[in-house]
Amino acid sequence: MCPAVWQCRVRSILIRAWSGLGRTTWSGQQTRFSIRQKSGPGQEGTFSLTEEAGLYLHWPYCQRRCTYCNFNKYIARDVDHNAMRECLVREAETLLRLSQVKRISSIFFGGGTPSLARPTTIAAIIESVAKWAQLPSDAEVTLEVNPTSVGASKLSEFRSAGVNRFSIGIQSLHDPDLVILGRDHTSQHALQTLEEAKKLCPGRTSVDIIFGRPGQSMESWEKELEELLLVCCDHVSLYQLTLERGTALFKQVQDGKLSVPSEELTARMYNAARRILGKCGFHQYEVSNFAKNDAVSVHNLAYWKGRQYIGIGPGAHGRFVPRGDGAMLREARIQTLEPDVWMREVQRCGHGTRKRVPLSQLGISEEAMVMGLRMTEGITHEHWKQICSEWSLQEIFTGSQEVEGLLREGLLIMDSRGVRCSWGGLAVLDSMLPALLNQLQMTASEERQSKQETTF
Amino acid sequence: MQVAVSAPGRLIKSSLRGLLDFRVHKIIRRKQSDSDGFYVRHRWMKNAPSVSVFCCRQYSSREKVNLDMSIFPVDKIRNFSIIAHVDHGKSTLADRLLEITGAIATTERNKQVLDKLQVERERGITVKAQTASLFYTHEGQTYLLNLIDTPGHVDFSYEVARSISACQGVLLVVDANEGIQAQTVANFFLAFEAQLTIIPVINKIDLRNADPERVEKQIEKIFDIPKEDCIKISAKLGTNVNQVLQEVVKRIPPPNANPEDPLKALVFDSTFDHYRGVIANVALFGGNVCKGDKIVSAHMGKTYEVNEVGVLRPQEHPTDKLYAGQVGYVIAGMKEVKEAQIGDTFYLQKQPVEPLPGFKPAKPMVFAGIYPVDQSEYNNLRSAVEKLTLNDSSVTVHRDSSPALGAGWRLGFLGLLHMEVFNQRLEQEYNASVIVTAPTVPYKALLASAKLIKEYGEEEVTFVNPTQFPDRSQVLEYLEPMVVGTIITPDEFIGKIMTMCLSRRAVQKNMLYIDDHRVMMKYLFPLNEIVVDFYDHLKSLSSGYASFDYEDAGYQPADLIKLDILLNGKPVEELTTIAHKEKAYAVGKAMCERLKDSIPRQLFEIAIQAALGNKVIARETIKAYRKNVLAKCYGGDITRKMKLLKKQAEGKKKMRRIGNIEVPKDAFINVLKRNDK
C-alpha cells in the first residue's frame, strides 16, 4: 500500500504490558528471564515493558509510485516472493529471540504495498511470530490495503491467513484527485474494496483519507468527508498532504503547475473535519485518528504510548531492548533500506539491522512525550511514571514561564489525570514541543547536577 | 569621502572595489626577481616574514651606500601628486613614471603588471599609499621628483589636503573616454584651494572611444584651464609620458623651503613596522635632519632620537641626511602610530619652531557596531581590531554590547569608504566573521538650560548611540551633520537623480552642463541620508554612469526624533533608532517589515509596531499558527521527527525572549545590519 497516508499509521508493535489485556494468555514463562529492565505496575499476570512488543513488518514493493510518497518503496517487476517470505520469517525469528519478548500484542503489515504480498507470506510470518512468542488469539493484526491490488478473494485469503483488521488507502473519493496523487485506483474500486473489507472484518476496518490536496476547496472537502462517513466502518485516519522534497508532487507545486491550499485553509479544513467526525460519533483519539465504538488501533496506540516495537523488513524501524545480547537499554534500530541488500544480510546473518542507537532515559522520555501528546488523552501520570520514574510531569512543567503561558492560554492542560493538549492545542502541537523538550532536558540536567552535588 | 560610479563595463568589479579604488591609494609596484621579479609593496606586507629587498637597476651598485641627498638643492626638487577618479589610470601612470626614471625596470611584462594590479585591487583595500623619489634628468640637470601619494583611507578633504600640503603641484588625470567625474572635481578643488599648480593629463587616448577634445573642453569649462595646457597621454602604452615629466619640471615650482632655516618637517603619513616601530613620512619645509638628531613632535611634545632617515624609492632607502624641500622618512623610536600624528611637525630639540598649520585630529563621521557572529569569536575579533587600529589611529573604538548581538564594539570611521576598507580587512586578513550594523552618524544637541549645560559640562552634546538621545524637553535644537555632494551624470538621468535626492532631503545648490550631455549637480545632503544605500541607488538608476563624491559641510538644525520598535507593546531597546521626523514613518515601516520577514510564526499573534513616544506610526502583524502538527509519524520512524524537534528546541535557546515572543538573532541582524549590496 502506498505511503503518504499509511505512513502515519504507526507500523510498529506495541506492548500492552500494564494494560492487563494479555492476562488471559499469559503463561509463566517470564520466570525464564533473569534480566528485567523495568517492571510494570507489578500486578500478577502482567508483562513488564520489556517483555512485550508490537511487531511492524515492512513490505517494500509497490506497483507504481504515488506522486506524494517519499517512503522506502521500490517498483519491482519481479518480486521473489519465496525469498521475501523466507527472509521476513527469518528476521522476525532472529529479532524476536534477540528481544526475548514473551508476547507480541499486535502485528502491522505496512509498506510499500503489503497487500501485494502473497497471503501465504502473511500467514507464514504470523505463524512464525506465534511460534517464538505468545500471540493472543485476539491480538490485532492489521494489513494496509491498496484498493486496486486486491480482489475480494485475496482479501478473504488475508483474513484466513490471520489478518483481522484492514486499513484501506482510499485517500480521496474524487477521481481527478486520485490521478494527481498518482494512485492506481478509482473511487469505485475503493468503495468496493471497503465493502469487502467490512464484510470480512466488521468493526475493524479503517479508511485513510488525505486533505489539503491541490485545488481542494473547503466545501468539496466537507462534502467528500460526509460522503465517506456514510460508507466507512468505525475507524478513520485523516492526513494532511505534506509535500516531501524529492517527490513528483513537490516539484509540480514548486514549478507552479499545481497549488495546494493555504496554511490558513488547511487549518480550517482540519478543524472542520474534526467537527464533522465528532458529529458523526467518531472520537478523535490522536492527531490524525478517529474511532467510534472504541475501534482504536491497538498497534498505533502502543506506539504513541512509548511501548516496545520490533521492525521487520527493509527500512523498518524498531524500539526495543535487545535483551538477548544482555542489553539493558532500549535501542532505536533501523533495518537496511534496499530490499536486495537487506535480503542478503538476512540470509547471511539472520537479520538486516543497519543501525542501532542505544537510547538514554532522557531520550526515551523525550520520545514518549512527543508521541504521547499526540493522543487526546495525552500522557497520564501513571503512564509517565512507567516511562520515566525519575521526574514527574509536575516537576517538568512547573517553573517555566513559557510552559505556564501555554497552560494559561489553554493550549496545554495539566491536571490530576496528566498532561494533554486542548482541542486547539492539538493542532499546534509541533509548536509547543520544542519548549516542552527543553523543559524536560533542563529537569534532567538539574537532576544530574543535584545528584552530583550530593555525591561530593 | 569619495564615492565613484564607474562605467557599466567596469561594474563587473565589485562596487566596493569601485568605491575603494580612488581613495585607497594604489601601490607603487616594482619588479624585482633574480634581477627583476614582481614586487608589490603593501603596508601589511611589512609584517610578513619575507620582505623583498628593493634592488634598483640603475642604482644597484649603490645599494649598500647611503645616498647623498645634498646633490639636490631646493631648485632641483619638484614635489607632486597624482589625483584622479577611480580607474582613470592613476596607478598605471605612476608605474610608467617609475619605469622611465629607472625606479623600476621596463620590461615586456607590463601587461602582467596590470593583470596583477587587477587582482591586487580586488583586495587592494589594504594597500598603503607610497611616496616615491624619482631621479630625472632634464636638459642635462638631474632633478629629484617626489611623487607623493595620499595615504590609504582618506575620507575627508582635509586629509587629502595634508598630502597635498607637501606638494607644489598635481597631475590631474582624466579618462579620455569617461571625462570629468565627481572625484575629479573634488580633487581639483582641493588642489586649487591649496594653490597648487595643476597639470591636467588626459589619459587613455589610445581607447577606441576616446574623445580627448571633449574632455579638454570640459576641463576648460569647469576648471578654467586653457585646453592647450592638457597633456594627452596613454599611460598604458607610454605615449607622451615623458612629456609629463618634462612638464612637471617646467611648470611645478620648487618647494618654498630654506636649508638655512631650522628643521621643520611635516608628517604627512605614517606606518607601523613590527620591528622598527613607526616610520613617519615627512616633507622638510626647512633645515635638515640626520641620524642622531634629537627631534621633538610638536603635537606630543615628546623628544626622540633619529635612528634613520632616507628616501622612498619607493622602498625605504637610507640617506645621510634629508634637506629642505625633500621628502622622505624618519625612524625615531616611536612605538605607536599616535606618536607620529598626521599633520604633526617635527623640529630639532635645540631649535624650536612654530608648528606648521593644518593639524586637525581625525574626526569620525560614520559609526557602526561590529559584533562577532559567534560570541566565542570575541577574543579573536578583539585582537584583529586591535591589530588593525594599530596602523590606523583614525578609527575610534568603543566597547559596546547589545542584548541581541552580544559583546562588540562601536567603531567610528572617517567615512563610508574607510568603514568598508576596515571591515573588509577584518574579514580578509584576519578571517573574522563579523556582523556590521547599519552605519549611523554623530548628532548633536544644544542643551536648553544652564543647569543641563552644567551637568553635561558643555552646551552642545554629541551622541551616536540612540540610547543617549537627549529628551526633547532638555534640548533647544538637534543638529545633524551635512555634506555637499557632487554628482556628475549623463543628462538623461537627471530626472531620476533629482527625485532621489529630493527623497533624501537634499537641497540643490547648483547644476551645470559640463558638456553637451553631462551635468554636474551639487546638493547639500544630510550625511545620514547617504550613509546607507545612496551610492547603490545612484548607481542602479543611472545604469552605472553617474559618479558621486562628497565633502563635509558642518552641522545644521534638524527635527530629530527617537523611534522605538515594540513587540506586543514591549520596546526592543537594541532597535531604537534616531530618525528625522520626515523619515520616521518610512524608517519605522521598513524596520517593521524586515522584522515581520524574519520572526517566525508563533503560537501567539505578534504585533510589530514602530512608535514615537506613545504614538504608533507603523504596524505589522504576524498571525498565530493555526495548525502545526505533523499528520504522520513515519511508521515508527520517530528518529527523523525527534531530530527536527531537538534542533528547534536547541534553536529556541538561542532566541531572545521579548515578552512572550521569541526573536531569533537573525531577526536583529536583518534589521540592524547593512543591506547587502
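Select residues 119-132 and 152-161 of chain A: these are helices α3(A) and α4(A), which pack with their axes 8 Å apart at an angle of about 15°. The model is a predicted one. Angles under 35 degrees count as roughly parallel, and α3(A) and α4(A) are therefore roughly parallel to each other. The crossing of α3(A) past α4(A) is right-handed. Show side chains next. On α3(A), the contact is made by Pro119(A), Ile122(A), Ala123(A) and Ile126(A); on α4(A), by Lys154(A), Glu157(A), Phe158(A) and Ala161(A). Colour these residues by type: 6 are nonpolar, 2 are charged and none is polar.

Stay in chain A and move to Gln188(A), which lies in helix α6(A), residues 187-200. Is Gln188(A) buried, partly exposed or exposed? Its relative accessible area is 49%, so Gln188(A) is partly exposed; the exposed class begins over 50%. Now add Ile170(A) to the selection and draw a C-alpha to C-alpha distance to Gln188(A): the separation is 10.0 Å in space and 18 residues in sequence.

Zoom out to the whole of chain A. The chain has 17 helices and 17 strands. Its residues number 456, and 61% of them count as buried. How much of the contact in chain A, at a separation of 6 or more, comes from residues 24 or more positions apart? Such residues account for 74% of those contacts.

Go to chain B and select the open sheet of 6 strands, whose order is β5-β6-β4-β7-β8-β9 and whose pairing is mixed. At its edges are β5(B), residues 131-138, and β9(B), residues 231-232, each pairing on one side only. Within this sheet, pick β7(B), residues 169-175, and β8(B), residues 197-203: the two run parallel and are joined by 7 bridges. Which residue of β8(B) is the bridge partner of Val174(B)? Selecting Ile202(B) shows that partner. As a reminder for reading the backbone here, strands of a sheet pair through backbone hydrogen bonds, either parallel or antiparallel.

With the sheet still displayed, add helix α7(B), residues 241-251. This helix lies across β4(B) (77-84), β5(B), β6(B) (141-148), β7(B), β8(B) and β9(B), and runs at about 90° to β5(B).

Keep α7(B) and add helix α2(B), residues 90-100: the two pack at an angle of about 80°, with their axes 10 Å apart. That angle makes α2(B) roughly perpendicular to α7(B). From α2(B), the contact residues are Leu93(B), Arg96(B), Leu97(B) and Ile100(B); from α7(B), they are Val241(B), Asn242(B), Val244(B) and Leu245(B). By type, this contact divides into 6 nonpolar residues, 1 polar and 1 charged.

The last stop is another open sheet in chain B, with 4 strands in the order β21-β22-β20-β23 and antiparallel pairing. Its edge strands are β21(B), residues 396-402, and β23(B), residues 434-436, and each of them pairs on one side only. Looking across the sheet, the twist from one strand to the next averages 30°. Finish by selecting β20(B), residues 366-372, together with β23(B): they pair in the antiparallel sense over 3 bridges. Which residue of β23(B) does Ile370(B) stand opposite? Label Val436(B), which faces Ile370(B) across this pairing.

Terms used: Residues numbered from 1 in each chain as written. Chains lettered and ligands numbered in written order. Predicted model: local features only at pLDDT ≥ 70, side-chain atom pairs only at ≥ 80, totals over all residues. Heavy atoms only, no water. Axes fitted to C-alpha atoms, helices over the stretch in contact; angles between N-to-C directions. Parallel < 35°, antiparallel > 145°, perpendicular 65-115°, else oblique. Left-handed = near helix turned anticlockwise from the far one by under 90°. Contact = heavy atoms within 4.5 Å. Nonpolar A, V, L, I, M, F, W, Y, C, P; charged D, E, K, R; others polar. Pairing = 2+ DSSP bridges. Buried < 20%, exposed > 50% of the residue type's maximum accessible area, 1.4 Å probe, protein only.
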